[in-house]
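User: I have a protein model open and I'd like to learn how to read it. Could you take me through it feature by feature?

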Amino acid sequence: MTPDMADVTRGQHEHPWWAAMAQLRTWWARRHGHAPPVSDTDTGARSSSPEEQAGPAVVGEESTLWRMRTTVKDAPGSLAALCTALAGDRVDILSLQTHPLGEDTVDEFLLRAPGALAASDLTRAVAQAGGKGTWIERADAHDLVDAPTRVLGLATRTALDAAELPLTLRQLLGRCTIRSLPASPAGGGRGPADVPVEGVLEDTVMRLRAPEGGVITVERPYLPFTPTEFARARALVELDARLGPRIPRSQDVLTLPEGNDITVRRADTGDLEAARAMHERCSARTLGMRYHGPVGDADRYLNHLLSPRFGRTLAVQTPSGRIVGLGHLLWDGDETEVALLVEDQWQRRGIGTELLGRLVAMADEAGCESVYAVTQSSNTGMVAAMRGLGLPLDYQIEEGTLVITARLAEAAARKASEQEAMRYGERVARD
């Protein structure tokens with residue numbers, strides 16, 4: 001959510017709010033490290049879903065979907081040798097993409113293998129057929145969509161909403177960390193080093209020029225990027241730049257329990273003046289609960305928070321057009337943060353709960369596995385709102401700072417399991 005923390009630290013004497021947030025980020029990073037994805041060969045690997053087990057490689061036998069990459073010499077017969085080796089283990093090749101690398105080629109497969117076949121068995125067979133640097137992980141039913149269709153879908157999402165760009169890049173490139181670094185950090189200080197128009201690819205890191213200035217950095221330490229992936233990512237960023245700022249303009253009118261009507265809609269930097277006015281009407285206590293310290297230089301950090309490049313913002317507006325509540329869903333590298341601010345006289349009317357529920361639904365729709373809120377342990381309203389989600393929650397507290405993480409993936413898996421059990425019960429009843 002925040003700019004480069006080194007730049008924030010350099011400006012901490014002039015910007016106490018950013019300094020407080022920098023300290024929180026440092027603590028949160030220590031408590032919540034970004035470890036590389038767990039290999040599906042480990043004991044903690046998830047089992048295949050019912051969708052993955054549909055259409056087994058051998059009739060009557062369970063199967064598993066795998067995504068695999070391996071590098072071979074760009075020579076006649078190299079691909080045939082791989083296919084023959086996989087066929088020998090009764091592995092069905094569902095799709096294949098090739099990424100030329102000069103003398104070598106990276107072959108990317110979507111495979112359906114017998115359930116009893118381990119990842120190590122697949123990599124061993126591929127190595128014997130000439131593959132090297134093999135990477136493999138479990139796939140799911142979403143991977144069954146062919147690459148051109150998937151890329152067109154991601155381009156459509158990007159075209160409709162500027163906030164989708166970080167998410168579409170993550171969908172395109174798999175599990176990776178994406179950070180947008182503004183040209184002028186909100187906390188002051190020097191911005192990131194500029195990159196050429198064509199971008200920079202360095203093995204497991206790519207840097208692209210952001211449409212509004214600054215740099216978009218994508219990191220995937222566990223798997224190097226190929227020139228093909230780099231070209232696709234650059235095309236999405238160029239599409240975003242050509243279309244300019246945009247957010248969906250739909251809105252919902254809701255009636256509060258006491259009878260007042262409010263409008264909930266998306267907000268962006270065009271709402272900066274109204275958002276600043278709301279902050280000026282908020283008490284120091286309310287602002288302190290939201291920002292964990294003194295608040296100053298509102299223009300700079302509000303412009304950052306309202307930017308679709310760093311996430312999505314929902315605004316609650318009265319019939320007169322006054323903004324009385326803001327909810328932010330912020331892309332924080334490979335994490336997702338939720339944050340709320342409701343004007344004092346509009347608190348305890350269900351506005352915060354409404355905003356939080358909508359933000360979490362957006363995160364779930366975007367494929368986020370979890371969302372977290374950083375607040376003070378005394379902020380009972382935020383704690384109650386998070387508990388009201390009905391999701392599995394993790395709590396971490398240190399020196400009065402509370403981090404509450406809601407696990408969306410666990411809830412989705414539980415819901416899918418319940419639905420599958422219900423369908424099974426219906427089938428039994430029919431039979």
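Analyst: Below we go from the whole chain to helix pairs, cores and single residues. Before that, some ground rules: this is a predicted model, where local features need pLDDT of at least 70, side-chain atom pairs count only at pLDDT 80 or more, and totals for chains, interfaces and linings use all residues. Residues are numbered from 1 along each chain as its sequence is written, and side-chain values use heavy atoms, with hydrogens and water left out.

User: Fine. How many helices and strands does the protein chain have?

Analyst: Helices (H or I, at least four residues) and strands (E, at least two) are DSSP runs, numbered from the N terminus. Here the protein chain has 13 helices and 16 strands.

User: And what share of the residues counts as buried?

Analyst: Buried means under 20% relative accessible area, exposed means over 50%, and partly exposed is in between (1.4 Å probe, protein chains only). By that yardstick, 46% of the 431 residues of the protein chain are buried. As for contacts, meaning heavy atoms within 4.5 Å, take those with a separation of 6 or more: residues 24 or more positions apart account for 65% of them.

User: Now helix packing. What do I look at?

Analyst: Two packed helices are described by the angle between their axes and the distance between the axes. The axes are lines fitted to C-alpha atoms, for helices over the stretch in contact, and the angles run from 0 to 180 degrees between N-to-C directions. Take α5 (residues 147-160) and α7 (residues 227-243): their axes come within 9 Å and cross at roughly 30°. Angles under 35 degrees count as roughly parallel, over 145 as roughly antiparallel, 65 to 115 as roughly perpendicular and the rest as oblique. α5 and α7 are therefore roughly parallel.

User: Which residues of α5 and α7 make the contact?

Analyst: Leu154, Ala155, Thr158 and Ala159 do so from α5, and Leu236, Leu239, Asp240 and Leu243 from α7. Sorted by class, that contact has six nonpolar, one polar and one charged residues. For the classes, Ala, Val, Leu, Ile, Met, Phe, Trp, Tyr, Cys and Pro count as nonpolar, Asp, Glu, Lys and Arg as charged, and the others, Gly among them, as polar.

User: How does α6 pack on α7?

Analyst: α6 (residues 165-173) and α7 pack at about 160°, with axes 11 Å apart. That makes α6 roughly antiparallel to α7. On the α6 side you'll find Leu165, Thr168, Leu169, Leu172 and Leu173, which meet Glu229, Arg232, Ala233, Leu236, Val237 and Asp240 of α7. By class, this contact has seven nonpolar, one polar and three charged residues.

User: What about the largest nonpolar core: which members touch the most others?

Analyst: A nonpolar core is a set of buried Ala, Val, Leu, Ile, Met, Phe, Trp, Tyr and Cys residues joined through side-chain atoms within 4.5 Å. The largest has 33 residues, and Leu329, Val338, Ile351, Val371 and Met386 touch the most other members. The elements that each supply at least two residues include β12 (323-332), β13 (335-342) and α12 (380-387). α11 gives the most, with seven residues. Leaving aside neighbours within four places in sequence, Met386 is in contact with Val338, Leu356, Ala373, Leu393, Ile404 and Ala406. There is also a second, separate core of 17 residues, which includes Leu154, Ile216, Ala233 and Leu236.

User: Is Leu111 buried or exposed?

Analyst: Leu111 is buried, at 0% relative accessible area. You'll find Leu111 in β3 (residues 104-114). The C-alpha atoms of Leu111 and Leu94 are separated by 5.6 Å, although these residues are 17 apart along the chain. Another strand residue to click on is Val324 in β12, also buried with a relative accessible area of 0%.

User: Last one: where is Arg90, and what is its phi?

Analyst: Arg90 sits in the loop between α3 (78-88) and β2 (92-101). Its phi is positive, about 60°, although Arg90 is not a glycine. Arg90 is partly exposed, with a relative accessible area of 46%. Asp203, in the loop between β6 (200-202) and β7 (205-209), also has a positive phi, near 60°. Asp203 is exposed, with a relative accessible area of 52%.
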